[in-house]
Amino acid sequence: MHHASPSAEPSSSHHPMAPLIRFTLISLYLALVLPLPWQAPGGLRGPLWLAVALGLVLVLAITSERVEIDAEGIRVGHPAWCGWWLRRGWQLSWSSITAITPVTTSQGGRVYYLRSGDGSFLLPQRVARFEAFLKQFSERTGVDTGSIGRISPPWTYQLLALLSGLMLVAELGWAAALLLRP
């Protein structure tokens, strides 16, 4: 099997949050909060609809995190429309990354921290094209990423997406029944 040399790699790449994960988180938010305004007393419905909309903007912003890789290094952050107020993010040059340290989570998963002279930074594990991301990361740093996997298996997000979708369908059916009630 022929492996491309690092020079054959694109000079930069972008890795947004994996669509399945983003869809699941947005669907779960909607499934949990959409019924609230419908069930609230009349005077609270307007403020609750506003809160639902603002919450949705926040969820969309949080799930818009992306990883950018170029010849200089790696950057994790958000697009301009929300980055100015989220202000979470970091960037490292390739030469400053010295190691990757695995850490077991309380749920039994494993996360990885990039070590550099500037501190420790959480390796993104929920990005689209994760295997391509790891390959580029390894080629640019020389750090072995062969044992790194996603933080949780895809079936967990698939199941949560299915359950969230079923909740949304049930809630839409309930809302339609309320609206059509004489």
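Helices and strands are taken here as DSSP runs, of at least four residues (H or I) for a helix and at least two (E) for a strand, numbered from the N terminus. On this basis, the predicted model contains 6 helices and 7 strands. Their order from the N terminus is β-α-α-α-β-β-α-β-β-β-β-α-α.

The overall dimensions were computed from the C-alpha atoms. Along the principal axes, these atoms fill a box of roughly 70 × 35 × 35 Å. The radius of gyration of the protein is 21 Å, whereas a compact globule of 182 residues would have a value near 16 Å. Buried residues make up 36% of the 182 residues. The surface exposed by the protein is about 10800 Å², and 65% of this area is supplied by carbon and sulfur atoms. Of the contacts between residues at least 6 apart in sequence, 54% join residues at least 24 apart. The charged side chains comprise 14 positive and 10 negative ones, with 11 Å between the centres of the two sets.

Two positions in the N-terminal part of the numbering were examined individually. Ala18 is located in the loop that lies between β1 (12-16) and α1. The relative accessible area of Ala18 is 9%; because buried means under 20%, Ala18 is classed as buried. When residues up to four places away in sequence are not counted, Ala18 touches Arg126, Val127, Ala128 and Arg150. The separation between Ala18 and Ala99 was also computed: the two are 81 residues apart in sequence, and their C-alpha atoms are 25 Å apart in space.

The second position, Ser27, belongs to helix α1, which spans residues 19-33. Ser27 has a relative accessible area of 4% and therefore falls under the 20% limit for a buried residue. A polar atom of the Ser27 side chain lies 2.8 Å from the backbone oxygen of Phe23. Because a pair of N or O atoms within 3.5 Å is required for a polar contact, the 2.8 Å separation between the Ser27 side chain and the Phe23 backbone oxygen satisfies the distance limit. With neighbours within four places in sequence left aside, Ser27 is in contact with Ser164 and Leu168.

Ala18 and Ser27 are thus both buried, Ala18 in the loop between β1 and α1 and Ser27 in α1. Their listed contacts are with Arg126, Val127, Ala128 and Arg150 for Ala18, and with Ser164 and Leu168 for Ser27.

How values were computed: Residues are numbered from 1 along each chain as its sequence is written. This is a predicted model: local features need pLDDT of at least 70, side-chain atom pairs count only at pLDDT 80 or more; totals for chains, interfaces and linings use all residues. Side-chain values use heavy atoms; hydrogens and water are left out. Buried means under 20% relative accessible area, exposed over 50%, partly exposed in between (1.4 Å probe, protein chains only). A polar contact is a pair of N or O atoms within 3.5 Å; within protein, one must be able to donate a hydrogen and the other to accept it, and residues adjacent in sequence count only if both atoms are side-chain atoms. Contact means heavy atoms within 4.5 Å. The radius of gyration is taken over C-alpha atoms; the globule rule is 2.2 Å times the number of residues to the power 0.38. Accessible areas come from the Shrake-Rupley method with a 1.4 Å probe; for residues, only the protein chains shown count as cover. Lys and Arg count as positive and Asp and Glu as negative; His and the chain ends are not counted. The place of a charge is taken as NZ of Lys, CZ of Arg, CG of Asp or CD of Glu.
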